[in-house]
Amino acid sequence: MSILKIAISSRALFDLNESHKVFKEKGIEKYSKFQKKHEDDLLKKGVAFPLVEKLLKMNSKNSDFVEVILLSRNSSDTGLRIYISRAVFSGGESPFPYVDALDIDLFLSADVKDVQTAIENNIASAHIFTDKLNFSESNQLRIAFDADAVVFSDESEVVYKKKGLKKYLKQEGESKKPMSPGPFNTFLKKLNIIQSKFDANNCPIRIA
C-alpha cells in the first residue's frame, strides 16, 4: 500500500502561541531574535501533537504506514526549535505549494487561509484551533467524518440548498450513479487500509 502522508504546520504540532504573538505584535526581526534566543528551549505539545503521535505509533520495524512532514513559514535558522525528521521551511511564504507537490493526503494548519487554499484545490485539509488544548487520554486514534462535501462531493448538498428538500429526495431516490469522491475520500480509504492490517480487538484506529 502507498504511505499515508500527513503535512502539518508548526503551530498545529507545537505550542508556538508565545512566539507567534511576538511575530504579530513586533514583526519578523523581533520574532527571529526571539526564536534564536529560545532555540534550546523544549517546545510544549500543540493541539495536533497527540494525533501525530498516534499516527506514527502505527509504524513498525517492518512496515511504515504513515509519514508526517512538517511545513513551516519559518526560515531554516528561525525554525531550529521546531525541526523534526522531515521538514520544509518556506521562508515566510505560504507552504501550500509543497502540499500539492508532495502528494499530501491530509493537511493540518493553524492558518485558515492556507487551509482554504488547500480545500479549494480538493486536498483534504483542516483548520487547527491552537487556543484550546483538550488532549484525549485514549491511546486509540478516533476520527469521525462528515459525508457531504467531505467523504463525498457536495453535489447532493448543492441540490438541497438550491432546490429544497423535495428535489433533493427525488434526486437521491432516482439516481443510480455513485456519488463522486470528496476531498477526504482518499484519506479515509488509506486509514481503512491501515485499519485492516490490525486485529479487530487491538486496532489503533476507530472510524465513524
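# A tour from the β1–β4 pairing outwards

Begin by selecting β1 and β4, two strands that run parallel and are joined by three bridges; keep in mind throughout that the model is predicted. Within this pair, pick Ala7, whose bridge partner in β4 is Phe107. Keep Phe107 selected and turn to β5, where Ser125 stands opposite Phe107. From β4 the chain crosses to β5 by way of helix α6, residues 112-120, and this β-α-β crossover is right-handed.

Stay with β4 and β5, which run parallel and are joined by three bridges. A further pair to display here is Ser109 with His127, the latter lying in β5 and standing opposite Ser109. Now show the side chains of β4 itself: Leu106 and Leu108 point one way from the strand, whereas Phe107 and Ser109 point the other way, and all are buried.

Widen the selection to the whole sheet, which is open and made of five strands in the order β3-β2-β1-β4-β5, with parallel pairing. Its edge strands are β3 (87-89) and β5 (125-127), each of which pairs on one side only. As you step along the sheet, the twist averages 20° from one strand to the next.

Next come the helices that lie against these strands. Select residues 49-56, helix α4, which packs on the sheet and touches β1 (4-9), β2 (66-72) and β4, its direction making about 150° with that of β2. Then select residues 185-196, helix α9, which lies across β1, β2 and β4 and runs at about 120° to β1.

Helix α9 leads on to the salt bridges, of which the structure holds three. In one of them Lys190 is bridged to Asp105, with the closest N and O atoms 3.0 Å apart. Because Lys190 lies in helix α9 and Asp105 in the loop between α5 and β4, the pair ties together parts that are 85 residues apart in sequence. Which state of burial should you expect on colouring this pair by accessibility, buried or exposed? Lys190 is buried, and Asp105 is buried too.

For another salt bridge, move to helix α7 and display the side chains of Glu157 and Lys161, which meet at 3.4 Å, N to O. The two are four residues apart in helix α7, so about one helical turn separates them. Glu157 counts as partly exposed, at 24% relative accessibility, while Lys161 counts as exposed, at 63% relative accessibility.

Helix α8, residues 165-174, holds Glu174 and Lys170, which are four residues apart and therefore separated by about one helical turn. Their side chains meet in a salt bridge at 3.1 Å, N to O. Glu174 is partly exposed at 49% relative accessibility, and Lys170 is partly exposed as well, with a relative accessible area of 46%.

Finish with two loop residues and their backbone angles. Asp103 lies in the loop between α5 (96-101) and β4 (106-109), and its phi is near 55°, a positive value in a residue other than glycine. Asp103 has a relative accessibility of 57% and therefore counts as exposed. Select Ala149 last, in the loop between β6 (141-143) and α7 (155-163). Although Ala149 is not a glycine, its phi is positive, at about 70°, and with a relative accessible area of 36% Ala149 is partly exposed.

Notes:
Residues numbered from 1 in each chain as written. Predicted model: local features only at pLDDT ≥ 70, side-chain atom pairs only at ≥ 80, totals over all residues. Heavy atoms only, no water. Buried < 20%, exposed > 50% of the residue type's maximum accessible area, 1.4 Å probe, protein only. Pairing = 2+ DSSP bridges. Axes fitted to C-alpha atoms, helices over the stretch in contact; angles between N-to-C directions. Contact = heavy atoms within 4.5 Å. Right-handed = clockwise from strand over helix to strand, strands pointing away. Salt bridge = Lys/Arg side-chain N within 4 Å of Asp/Glu carboxyl O.
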